[in-house]
Amino acid sequence: MSRALSSLRRRLLNDLRNPLLRNGYALMANTAVTAVLGMGYWLLAERLYTPEEFGRGQALITAMRLFASLTALAMGGALARFLPIGGRRTAELILRGYGLAAATGGAAAVGFLLTVPLWGSTYSWLGGFGPGLFFLGAVLVWAVFTLQDVVLTGLRQAVWVPVNSLVFGLVKMGLLVALAGAMPDGGIFVSWIVPTAIALIPVNWLIFGVIVPRHLKDRGTEGRPPRLREIGRFLAGDYPGTLSILAIIYLVPTAVATQIGPAQFGRFSMAHTLGCLIELLAMNMAVSLTVEGSFDPARLARQCRRALRRAFTIIVPIVAVTLVAAPYILLVFGREFADEGSTLLRLMALAVLARVPIEVYLSVLRARGQARLLALVQMGLAGLILVSVFALFPLAGINAVGWGLLGSEALVALLISGRLRSVLRLDRTDQVRPTRQAAT
């Protein structure tokens, strides 16, 4: 037993010396922290607020994330791709990413607020000037907050991401309790946003005051930084695909909220949120792979193999536990949560097994700068999911989301399997050649 523990310890220490695995593990740890504190947060919310307010709070947060991510997700891919080679323009790239994400999200949020009556009773709380203005500010804050984690990862400092999430989660829970009596309507949404805004200050001080200068010192500023035209070409190819993925993550639940009442949406959203957290584990290692592929293109194939092995080693047991324990996990929130959400959670967990190779392949395309193929795969996946979910919804209800994800992701994983195998078999000589071609 002691020998096995010693071997595991040596293997973990060896992994942590590899930037790919260190960043990937840090992001996975962040997902674990987010999941645990998120469960605690929503458990408190379910106890302290009415079922209608519980569902309304989740719907508002989902809509806010949708608009904040309109450009933030695309900028996240671009920052992961170009920050490692940003040179003297590293800080400028970060600020441009923040500004573009906030401006796009803010414009979309204004359009949403002007048409609130069309979105159903769940969003009626935003009809007043004060709540609407607060929602707009929340979108701007969340756009920057979303990119902070990508910036830290792109600069090989993802170890700070779970620290930020831990502090953010604890403060958020404390404020949720404090507002339960003073703000029974809107307290959930306010408790989510205020700590987020506060967190921007120390994290960005760390980024611009410590991490960026250290990055420039270690990497130097003599290399050719990416040109704006080069970044623009990447975004032009990546954005349509990223917008498609955004539709999967946020548009689907936002649309579901318009079809069911706030209380039922709250029960749907808990299962959906937990399923998304498992899926996020697959994306974590993929983001780290994009960064390392940009730092060292010659080792991309080897890094892909490592990423796949480690991702499956961690995700397969989590999926297995979820399949068995889904009703008991959701029972913490109440019998209705378990009855209505267990099947959805199980289906979403199964879909993650197909999502792992998809995300690794997408990271390869990002690292190589193959934005056109990247967009094609993402848009195809999103189209399959959206069509299947809305086609199945009249028959399967909220479980249509799970069936749509599972079927669509399994099909896409099968379609890209040949290309992914060819990447995994590339040696150093083969790896350098297509990467240079993609850069020209």
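Read from one end of the sequence to the other, the protein chain follows the pattern α-α-α-α-α-α-α-α-α-α-α-α-α-α. Put as a count, that is 14 helices and 0 strands. What you are looking at is a predicted model, and its protein chain has 440 residues, of which 55% count as buried. With that picture in mind, let us walk through some of the helices, the way they pack, and a cavity between them.

A good place to begin is a pair of helices that follow one another in the numbering. Helix α4 covers residues 90-114 and helix α5 covers residues 129-154. Their axes lie 9 Å apart, and the two helices pack at an angle of about 150°. Angles over 145 degrees count as roughly antiparallel, so α4 is roughly antiparallel to α5. If you turn the model to look at how they pass each other, α4 crosses α5 in a right-handed sense.

Now compare that with another pair, further along the chain. Helix α11 is made of residues 335-368, and its axis comes within 8 Å of the axis of α13. Here the axes cross at roughly 30°. Because angles under 35 degrees count as roughly parallel, α11 is roughly parallel to α13. The crossing of α11 past α13 is left-handed. What kinds of residues make up the contact of α11 with α13? By class, there are 22 nonpolar residues in this contact, along with 3 polar and 5 charged ones.

Helix α13 brings us to the empty space inside the model. Rolling a probe the size of a water molecule over the atoms shows where empty space is left. A search of the whole structure turns up 2 cavities of 30 Å³ or more. Let us visit the second largest cavity, which has a volume of about 50 Å³. Which residues line it? The lining of the second largest cavity consists of I248, I249, H272, C276, E279, M348, V401 and L405. Sorted by class, this lining has 6 nonpolar residues, 1 polar residue and 1 charged residue.

Several helices share in building that lining. At least two residues each come from α8 (228-257), α9 (262-295) and α13 (399-424). The helix that gives the most to the lining is α9, with 3 residues.

One of the lining residues, L405, is worth a closer look. L405 sits in helix α13. Is L405 buried or exposed? Its relative accessibility is 5%, so L405 counts as buried. L405 and L384 are 21 residues apart along the chain, and their C-alpha atoms are separated by 8.6 Å.

Other residues also show how separate parts of the sequence meet in space. A367 belongs to helix α11, the helix whose axis crosses that of α13. With a relative accessible area of 4%, A367 is buried. Try finding A367 and A78 together in the model: they are 289 residues apart in sequence, while their C-alpha atoms are 9.7 Å apart in space.

Next, move to helix α7, residues 187-219, where you will find I207. I207 has a relative accessibility of 0%, and therefore counts as buried. Between I207 and L155 there is a distance of 52 residues along the chain, and 9.1 Å between their C-alpha atoms.

Our last stop is V316, in helix α10, which runs over residues 300-331. Where the label buried is kept for values under 20% and exposed for values over 50%, V316 has a relative accessible area of 41% and so is partly exposed. V316 and L353 are 37 residues apart in sequence, and C-alpha to C-alpha they lie 7.3 Å apart in space.

Conventions. Residues numbered from 1 in each chain as written. Predicted model: local features only at pLDDT ≥ 70, side-chain atom pairs only at ≥ 80, totals over all residues. Heavy atoms only, no water. 1 Å grid on protein atoms, 1.4 Å probe; cavity = no way out; pocket = protein on both sides within 12 Å on 5 of 7 lines; lining within 4 Å. Points joined across faces, edges and corners; volume = space filled by probe spheres on them. Helix = DSSP H or I, 4+ residues; strand = E, 2+ residues; numbered from the N terminus. Nonpolar A, V, L, I, M, F, W, Y, C, P; charged D, E, K, R; others polar. Axes fitted to C-alpha atoms, helices over the stretch in contact; angles between N-to-C directions. Parallel < 35°, antiparallel > 145°, perpendicular 65-115°, else oblique. Left-handed = near helix turned anticlockwise from the far one by under 90°. Buried < 20%, exposed > 50% of the residue type's maximum accessible area, 1.4 Å probe, protein only.
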